[in-house]
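Follow the chain through its sheet, its helices and one of its pockets. Keep the 3D view open while reading.

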Amino acid sequence: MIIAASDNPARETQAHETQAHETQARKADHLKICLEDDVNCREVTTGFDRYRFEHCCLPELDFADIAIETTFLGKKLAAPLLISSMTGGTDRAKTVNFRLAEAAQNHGIAMGVGSQRVAIENPELNESFAVRKVAPDALLFANVGAVQFNFGYGIDEFRRAVDNIEADALILHLNPLQECVQTRGDRNFANLLDRIAELCDVLPVPVIAKEVGNGISGKMARKLLETGVAAINVAGAGGTSWAKVESERAIDPIQRRVGRTFADWGIPTAECLRQVRAVSANAALIASGGLKTGLDAAIAIALGADLAGMATPFLKAADASPEQLDEMMQVTIAELKTAMMCSGCGTLADLRNDGVLVVR
């Protein structure tokens, strides 16, 4: 079939500019809502409240010797922590992203940027994501929605997202509920597994499959791993509800009501970790979705995660000041090491020993 060239290039350009403007406005709304409104899940929790560490009154450890260094996707990290994907595309987001990147560099942890679709549609906005200049050594993840394969994106767009920020890996985020609630959301998620497999075959960096707060089940993790993805970020339920976020900004009253109905939809983060580890003992696994403290990070690692990702706590600290963000980082690391000390665990591997974490 021969497809004729458009007979109205000006109209196509105008439509493209309108779409890019809408995407940028949506990013600004997302950041404002997450910082200023209560959009956390209410009826569903992370599931971490079901677990506790067995206290060890005499750990026979020196706190200074507790080892939290790790390697993820071939890169060494000073701590098993990830600044999880959040934002980009606006001036406020640029400030936040650069502060987060500097913190990732200073503390030797990983960072993922927010969805780069806005910068692919409008390359002038890439500067808000281009944090490599302040984080030359950080493990850095690019980020694009997998659904964009069905809305005009090919391999080149995904490769551009990686190249534009000199990323070490690409996050493909999976967000069907968010798109269902979002006004004019991209809701065609058909036939994506084959496209993901194609991308994994040709992209020069690893691909990470990530939900946005509703969780990845063991069954879906197996299918994603079979396509060739290098890691799973479960991003389970219990933290920010993107159904609530989109409901807050919805223009269409029907979409607003749908968002409220599904505000607590999803698989708790702890259950996601349990399921994914049951189907793959060796897959690179990231826990995110409602983690708030270093103690949460310790529980996630004990449940099988290799990295613990946090979004909103770091986001709010970064928006406040670099000093508050640095303090938040130090507190999180201290909490993780305290959990290890008081459960008699000198290494991250020790956290996974039988009897260390018990069901309440």
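Start at strand E10, residues 284-287. In this predicted model, the side chains of E10 split two ways: Ala-284 and Ile-286 point one way, Leu-285 and Ala-287 the other. All four are buried. Both faces of the strand are therefore covered, since buried here means under 20% relative accessible area.

Now look at the neighbours of E10. On one hand there is strand E9, residues 231-233, which pairs with E10 in the parallel sense over 3 bridges. Ile-232 has Leu-285 of E10 as its bridge partner. There is also strand E11, residues 307-310, which pairs with E10 in the parallel sense over 2 bridges. Here Ala-287 stands opposite Ala-308 of E11.

Step back to the whole sheet. E9, E10 and E11 belong to a closed barrel of 8 strands, with parallel pairing, that runs E4-E5-E6-E7-E8-E9-E10-E11. Neighbouring strands of this sheet are turned by 25° against each other on average, direction ignored. At the E4 end of that order, strand E4 (residues 81-83) pairs with strand E5 (residues 110-112). The sense is parallel, and 2 bridges join them. Ile-83 finds its bridge partner in E5 at Met-111.

Two loop residues deserve a look at their backbone. Which residue has a positive phi of about 55° although it is not a glycine? It is Glu-166. Find Glu-166 in the loop between helix H4 (155-165) and strand E7 (169-174). Its relative accessibility is 54%, so Glu-166 counts as exposed. Ala-235 also is not a glycine, and its phi is positive at about 40°. This residue sits in the loop between E9 and helix H8 (242-249). Is Ala-235 buried or exposed? Its relative accessible area is 3%, so Ala-235 is buried.

Next comes the second largest pocket. Its volume is about 450 Å³. Three elements give two or more residues to its lining: helix H5 (176-181), helix H6 (192-202) and helix H7 (218-227). The lining holds 16 residues. Nearest the centre of the pocket lie Leu-174, Pro-176, Glu-211, Gly-215 and Met-220. By class, the lining has 12 nonpolar, 3 polar and 1 charged residues. Which helix gives the most to this lining? H6 does, with 3 residues.

Stay with H6 for a moment. Its buried residues are Leu-192, Ile-196, Leu-199 and Cys-200. Why do they lie on the same side of H6? They cover an arc of only 100° around the axis, and that puts them together on one side. Turn to the other side of H6, and Asp-194 and Asp-201 are exposed. The helix thus shows a buried side with Leu-192 and Ile-196 among its residues, and another side where Asp-194 and Asp-201 are exposed.

Finish outside the barrel order, at strand E1, residues 51-53. Phe-53 lies in this strand. With a relative accessible area of 14%, Phe-53 is buried. How far apart in space are Phe-53 and Ala-302, C-alpha to C-alpha? The distance is 9.3 Å, although 249 residues separate Phe-53 and Ala-302 in sequence.

How values were computed
Residues numbered from 1 in each chain as written. Predicted model: local features only at pLDDT ≥ 70, side-chain atom pairs only at ≥ 80, totals over all residues. Heavy atoms only, no water. Pairing = 2+ DSSP bridges. Axes fitted to C-alpha atoms, helices over the stretch in contact; angles between N-to-C directions. 1 Å grid on protein atoms, 1.4 Å probe; cavity = no way out; pocket = protein on both sides within 12 Å on 5 of 7 lines; lining within 4 Å. Points joined across faces, edges and corners; volume = space filled by probe spheres on them. Nonpolar A, V, L, I, M, F, W, Y, C, P; charged D, E, K, R; others polar. Buried < 20%, exposed > 50% of the residue type's maximum accessible area, 1.4 Å probe, protein only. Arc of directions from axis to C-beta.
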